[in-house]
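Me: I am new to this structure and would like a close look at a single part of it. Please take me through how two neighbouring pieces meet, and begin with the wider setting.

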Amino acid sequence: IMALLGVLRPIAIVIAPTVGGLLGTAFGWRNVFRALTFWGTSLLLGTRLILPETRPINTNSNSALSGFGQVLRRLVTKRDRDHRLALASILVIAFGFAGV
């Protein structure tokens, strides 16, 4: 599988701009994004329907968002306050620099 993906990636790099340019010339640039949205949605749904779930069922969780809830609880604890402040400072500087 890895060899197949390794072969397909350079082909996609060559074909994608060509197909995008043809779509943009024929139908306008907005339709390129509509086509990409359709393509991405169809790949997402196809992957969801075809591939089986491999994650073990966790009987301790009460909802599908329990992992997200754990992340939110950790964000509000005082223990990680310094790390959050450092990360926020780095992101402010990085995005501020990128926006210039």
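Reply: In this predicted model, buried residues account for 2% of the 100 residues in the protein chain. The protein chain holds four helices and zero strands, and read from the N terminus its elements follow the order α-α-α-α.

The part to look at is the place where helix 1, covering residues 2–27, packs against helix 2, covering residues 29–50, at an angle of about 130° and with the two axes 7 Å apart. Because an angle of that value falls neither under 35 degrees nor over 145, and also outside the span of 65 to 115, helix 1 counts as oblique to helix 2. The crossing in which helix 1 passes helix 2 is right-handed. On the side of helix 1 the contact is made by G20, L23, G24 and F27, while helix 2 brings W29, N31, V32 and A35 to it. Sorted by class, this contact of helix 1 with helix 2 consists of five nonpolar and three polar residues, with no charged residues.

One of the contact residues, W29 of helix 2, deserves a further look. The count of aromatic pairs comes to one, and it is formed by the rings of W29 and F33, whose centres lie 6.2 Å apart and whose planes stand at 85°, so that the pair is edge-to-face, the planes being over 60 degrees apart. Within helix 2, W29 and F33 are four residues apart, which means that about one helical turn separates them. W29 is also exposed, because its relative accessible area is 54% and the class begins over 50%.

Key: Residues numbered from 1 in each chain as written. Predicted model: local features only at pLDDT ≥ 70, side-chain atom pairs only at ≥ 80, totals over all residues. Heavy atoms only, no water. Axes fitted to C-alpha atoms, helices over the stretch in contact; angles between N-to-C directions. Helix = DSSP H or I, 4+ residues; strand = E, 2+ residues; numbered from the N terminus. Left-handed = near helix turned anticlockwise from the far one by under 90°. Contact = heavy atoms within 4.5 Å. Nonpolar A, V, L, I, M, F, W, Y, C, P; charged D, E, K, R; others polar. Phe/Tyr/Trp six-rings, centres within 6.5 Å; stacked < 30°, edge-to-face > 60°. Buried < 20%, exposed > 50% of the residue type's maximum accessible area, 1.4 Å probe, protein only.
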